[in-house]
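Let's look at how labels are earned in a protein model. Each question asks for the reason behind a label, and each answer checks a value against a rule.

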Amino acid sequence: KQWYQRRVRGSNRRVHSIDTHIGAAVAGLLSDARAVINRARDESANYRDTYQVPIPLKSLTERLGKYMHYFTVYGHLRPFGVSILLGTWDETNGPKLMEIDPSGTARGFYGCAVGKGKQNAKTEIEKLDLSNMTCKELVKEVAKVIYSVHDEVKDKHFELELSWIGKETGGTHQIVPQDIFNEAKTYAEEALNDSDDEDTDM
């Protein structure tokens, strides 16, 4: 008797909106990720209620980093098993990307990867001329990087998720439109197949 694992598409999302102007991507334990995402949303909502303006990414990163670090200090608490990327964009400051690791340490990057295969992904990202590429071009390249580093054997239920924030979205974090998503996915799959063919020919 055979059993098949079925999962509703999109039921375990790793890309989230914290506020209209901040997006997040997580890697690690999904239950921990939900707790951290909810905390980030609470911090953003509290800041907006108090100051009547959206929370700056730097302030959110500091608050969330302190919260995650708190769970590493006391023996009766367990550190979060999750890393999180936070991104934003505005006309004045342009794009900003921050990473918070499970210890609560925060770092800023032009391009970054977290989770399994992050080192290979970072190597691929470093090859890109990020400052001279459009958001649409970057979406395609990111999809290509994700496909190139994921393990086909272990990641049987691999699901590509793409979101963006920038001038194209008016500074609002959004899921990538379906037509651009399909274009990026096709581009990534073709690049992966070409790479496989080259390996076979060697």
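Q: How do you know that E4 and strand E5 pair, and in which sense do they run?
A: Two strands pair if at least two bridges are found between them. In this predicted model, E4 and E5 (residues 106–109) have four bridges, so they count as paired, in the antiparallel sense. Ile100 stands opposite Ala106 in E5.

Q: What lies between E4 and E5, and which residue in the turn has a positive phi?
A: The two strands form a hairpin with five residues between them. Gly104 sits in the turn, with a positive phi of about 95°.

Q: What makes E3 and strand E4 a pair?
A: The rule again asks for at least two bridges. E3 and E4 (residues 94–100) have seven, in the antiparallel sense, so they pair. One example is Trp89, whose bridge partner in E4 is Pro95. A hairpin of three residues joins E3 to E4.

Q: Why is the contact between Arg107 and Glu99 called a salt bridge?
A: The cut-off is a side-chain nitrogen of Lys or Arg within 4 Å of a carboxyl oxygen of Asp or Glu. For Arg107 and Glu99 the N to O distance is 3.8 Å, so the pair qualifies.

Q: Is Glu99 called buried or exposed, and what about Arg107?
A: Buried means under 20% relative accessible area, exposed means over 50%, and partly exposed is in between. Glu99 has 6%, so it is buried. Arg107 has 36%, so it is partly exposed.

Q: How do you know that Lys140 forms a salt bridge with Glu183, and which parts does the pair tie together?
A: The closest N and O atoms are 3.7 Å apart, which is within the 4 Å cut-off, so this is a salt bridge. Lys140 lies in helix H4 and Glu183 in helix H5 (residues 178–201), so the pair ties together parts that are 43 residues apart in sequence.

Q: What makes Glu161 and Arg13 a salt bridge that links distant parts of the chain?
A: Their closest N and O atoms are 3.5 Å apart, so the pair meets the 4 Å cut-off. Glu161 is in the loop between helix H4 (135–149) and strand E6 (163–164), while Arg13 is in the segment before strand E1 (15–19), 148 residues apart. Glu161 is buried because its relative accessible area is 16%, whereas Arg13, at 31%, counts as partly exposed.

Conventions. Residues are numbered from 1 along each chain as its sequence is written. This is a predicted model: local features need pLDDT of at least 70, side-chain atom pairs count only at pLDDT 80 or more; totals for chains, interfaces and linings use all residues. Side-chain values use heavy atoms; hydrogens and water are left out. Buried means under 20% relative accessible area, exposed over 50%, partly exposed in between (1.4 Å probe, protein chains only).
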